[in-house]
Structures are given as structure tokens and as C-alpha cells.
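User: I am new to reading protein models. Help me see how the labels are earned.

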Amino acid sequence: MKKIVFSIFLLLPFTLLAQEKQEETPFYTKDVAPHMEKVLPEPPALTDPRFFDDWSQYLWGKSIRETERGELAVKDAGLSQEYFMERFSPVLSAPISPETHPVLYKLIGKCHKTEQQAGASAKAYFKRVRPYQQYKEPSGVPSHEWPTDFTSYPSGHTHISWLVGLVLTTLDPAHTEDIMKVAYELGQSRVIVGFHYQSDVDAGRVVGSITFARLCAEPEFQKMLEKARKEYEKNLK
């Protein structure tokens, strides 16, 4: 009997973890998601005058990789809920963490899953090469590189960063400017590390806004957002 109890005790953390991962499903799937490729323009071709901005921003990003801002850009490559909470905490009315804000933690996770669904068709449609692939130069995050990952446009990191910023703004409207500045910086970090062109990032902000608007039509999202708001207000006391 003791062995059985001990075995259950050992399996409990893994069971809870599995349940938590299972719950982090998207609010809607790509079969009902807006087709962002029907909204966005084609990314600039190499011969397009607009590409000059992409090229010059790429050079700017490379020039500051060895600076403090460059180091932050490498950290910004992380997409976990924990990192988002850590990154946005300094500009909020009170710090947020998985322990103090479990509903918000789960909400961010579900938003991330939704972003992956919402941006999938556009990435597959445009199949844009990434800057480090185009120039055959190392990026600022070499461990993330993949030779056949032609999914630069629109930027998924920017998509979810902008989306999380908008969610947090609804919880803490008094700090809208500071919240969205962090969301903006997270997108620019992708240019600095050479994983996205500026036009990828600009498009990522557009689709982030579209995804947020689309989510507002989902009853499940509305309910979870309201729970997160109450949780946030409770932690301010």
C-alpha cells in the first residue's frame, strides 16, 4: 500500500504538468483564424525601393549587438509566459508572476497558442527568408537558426509581444504608453538579432492588433480576460 501511495506521489507533479499543458489550447484554430495574407501587402522584394529600409535597419541591428541593448535583444528571443511577465513587470502598477497571477499566466499561454494559429497561413503563404539566411551571416541567437525556416513574414515574436501588450493594457490602462513601449521594443529586438526584417516586425504589429480584435469576439477569451482583470486588481490591494 505504501508503495502505491509513494508511486502516486511521484506521478502527481507530472500529471498536473500534463493537465496544465493540455489546458493551454488556442482560443481558436487556424481553420477559423483570419487569413493575414489577405490583409498584409507582399513583403518588399530585394529590388523594391522599400527594401532599403529593411537593409538599413538590418545594418543598424548588427551595429548594436555588442551593446546593452543588443544583450537585451538576445534575452527577448525567449517567448515563455514567465519571460513576458518578467519583461513587462517593471512598467505595471505591480509585478506579475506565475505564482501571483496564475490566471494571467494561463491567458498569456493561450494567447501564444492562438498567435501561432493566427499567423500560420501568412507565414506559409509568403515563405520569406530571414535576414541571417539572406546574407549568410550569423544571427544574434545562433541556437535558434534553422536553414530551411522560411517564415520571416510576418514576425511571430512581434505578433505575440504586441498581443500581450494589448492584453496588459486592458488590465492596466494607466500605463498604456509604457506597456506598449515594451511591446514595441520586443519587436525591434528581432531586427537587432537579425531574425527579422523591419517590414516583418511592422507586419507583426498589424496582425497582433487583428488577433486581439478577433479574440474579443470569443466568449472564452472575454471570460478569461475578466478573471485576469479581477486577479490583477486583487493583487494591487
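User: Which residues of α8 are buried?
Analyst: In this predicted model, they include Ile-179, Met-180, Val-182, Ala-183 and Leu-186. Buried means under 20% relative accessible area, exposed over 50%, partly exposed in between (1.4 Å probe, protein chains only). The buried residues of α8 pack against α2, α3, α4, α7 and α9. Contact means heavy atoms within 4.5 Å.

User: How do you know that the span of helix α8 agrees with what is expected?
Analyst: Helices are DSSP runs (H or I, at least four residues), numbered from the N terminus. The expected span is 1.5 Å times one less than the number of residues. Helix α8 has 17 residues, so it should span 24 Å. Its end C-alpha atoms are 24 Å apart, which agrees.

User: Why is Leu-59 called partly exposed?
Analyst: Its relative accessible area is 35%, so Leu-59 falls between the buried and exposed limits. Leu-59 sits in helix α2.

User: What about Thr-29: why is it called partly exposed?
Analyst: Thr-29 has a relative accessible area of 36%, so the label fits here too. Thr-29 lies in the loop between α1 and α2.

User: What is the mean pLDDT of the protein chain?
Analyst: The mean is 92, and 90% of residues reach 70 or more. pLDDT is the predictor's confidence in each residue, from 0 to 100. Over residues 1-22 the pLDDT is below 50. Where pLDDT is low, the predicted coordinates should not be read in detail.

User: Which rules apply to the numbers?
Analyst: Residues are numbered from 1 along each chain as its sequence is written, and side-chain values use heavy atoms, without hydrogens and water. Local features need pLDDT of at least 70, side-chain atom pairs count only at pLDDT 80 or more, and totals for chains, interfaces and linings use all residues.

Terms used
Helices (H or I, at least four residues) and strands (E, at least two) are DSSP runs, numbered from the N terminus.
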